[in-house]
Amino acid sequence: MKVWVIAEQKDGELRRVSRELAAKGASIGDLTVLRVTGEHVSALAAATALAERAKTESPDLVLAGATPTGRDVAARLAAKLTRAYFSECTDLTVEGSSIEVSRGMYAGKVRARMRAPLPAVCSVRPNAFPLPEGAAEPAVTDLAASDAPRLAFVRFEPTASSGGRVPLSEARVIVSGGRGLKGPESWPQVEALADVLGAALGASRAVTDAGWRPNEEQVGQTGKTVTPDLYIALGISGAIQHLAGMTSSKVIVAVNKDPDADIFKVADYGIVGDVFEFLPAFTDAVKQVKQGS
Ligand SMILES: Cc1cc2nc3c(=O)[nH]c(=O)nc-3n(C[C@H](O)[C@H](O)[C@H](O)COP(=O)(O)OP(=O)(O)OC[C@H]3O[C@@H](n4cnc5c(N)ncnc54)[C@H](O)[C@@H]3O)c2cc1C
């Protein structure tokens, strides 16, 4: 069984999701981690280079992170190779010559299990598989993109929300705020909690539409889909469009003063109370636990 992982790098380091997939891939079969290199490599050029190599090496399973780049490259590669493609997987198992995956559907309302014969290509959500403690950095094979780019990647430009924090889609802990926080002046308190937890910041669309927070922080159907270990929803009602982006989180904590708020239907832990009482008390409690450890 030959397994490929399409690696992504950020600031010269392998992205966490690529390392998670390398660990998973190694548990399935013979692993090759490939990184497409070159000037301004577009998803099209990367998929072309990978497809050329796949013709000679015939991988049974190709895994990519379900990041914007990973999804783009993986879908193009599957099309070029005319293979089954599963996007946004949250679990997968290989049995004999077939693969079965789990993924959310209908804006996260249901979880579907789907099966296809190998070979196949999958994009897998960050945090879907654990990164074993002390896992060695996987060996990465560089693959030069040779295709003349019809579409060129120019550069990344940092956004207002990216300074110093983990990217939202890869974060293991997210502190997310809704309209219940009343206004942008409440965010220093949200950030204080995020800081002690080493968390990324998220927001509901009510918040980003109001301009309290940048659009990049929006979680949900028309925002980012996130799969952290811990999602803390502060003053968020739990509209279906918000839930679409965060119900795959492993543990959901919700704070809302309305005991009937829909967010409690998906929460593992619910606190019925005032977010302005919760925030300073909880932030202090986390600080004390951290100082004690
Ligand atoms: C096509 C479409 C796409 C959409 N896409 C998205 C999306 O991607 N993401 C998204 O989030 N939304 C999306 N929406 C909007 C969505 O329907 C909701 O309007 C939005 O999620 C509501 O945001 P909210 O929960 O912050 O605000 P509200 O619904 O106003 O909820 C505020 C909550 O705060 C609680 N609260 C108030 N004061 C306090 C307090 N002091 N302490 C504790 N709790 C308090 C209230 O009880 C309430 O439950 C979309 C809508 C449409 C039509």
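1. The shell around the ligand divides into six nonpolar, 14 polar and six charged residues. Here Ala, Val, Leu, Ile, Met, Phe, Trp, Tyr, Cys and Pro count as nonpolar, Asp, Glu, Lys and Arg as charged, and the others, Gly among them, as polar.

2. This is a predicted model: local features need pLDDT of at least 70, side-chain atom pairs count only at pLDDT 80 or more, and totals for chains, interfaces and linings use all residues. Residues are numbered from 1 along each chain as its sequence is written, and side-chain values use heavy atoms, with hydrogens and water left out.

3. Which residues come nearest the ligand? Of the 26 around the ligand, they are Arg 179, Ser 204, Thr 222, Ser 237 and Asn 256. A residue counts as near if one of its heavy atoms lies within 4 Å.

4. Look at the polar contacts (pairs of N or O atoms within 3.5 Å). A polar side-chain atom of Asn 256 is 2.7 Å from a ligand oxygen atom. A polar backbone atom of Arg 205 lies 2.9 Å from an oxygen atom of the ligand. A ligand nitrogen atom is 2.9 Å from a backbone N or O atom of Val 275.

5. Three helices (DSSP runs of H or I, at least four residues, numbered from the N terminus) each supply at least two shell residues: α5 (205-209), α6 (240-243) and α8 (275-292).

Notes:
A polar contact is a pair of N or O atoms within 3.5 Å; within protein, one must be able to donate a hydrogen and the other to accept it, and residues adjacent in sequence count only if both atoms are side-chain atoms.
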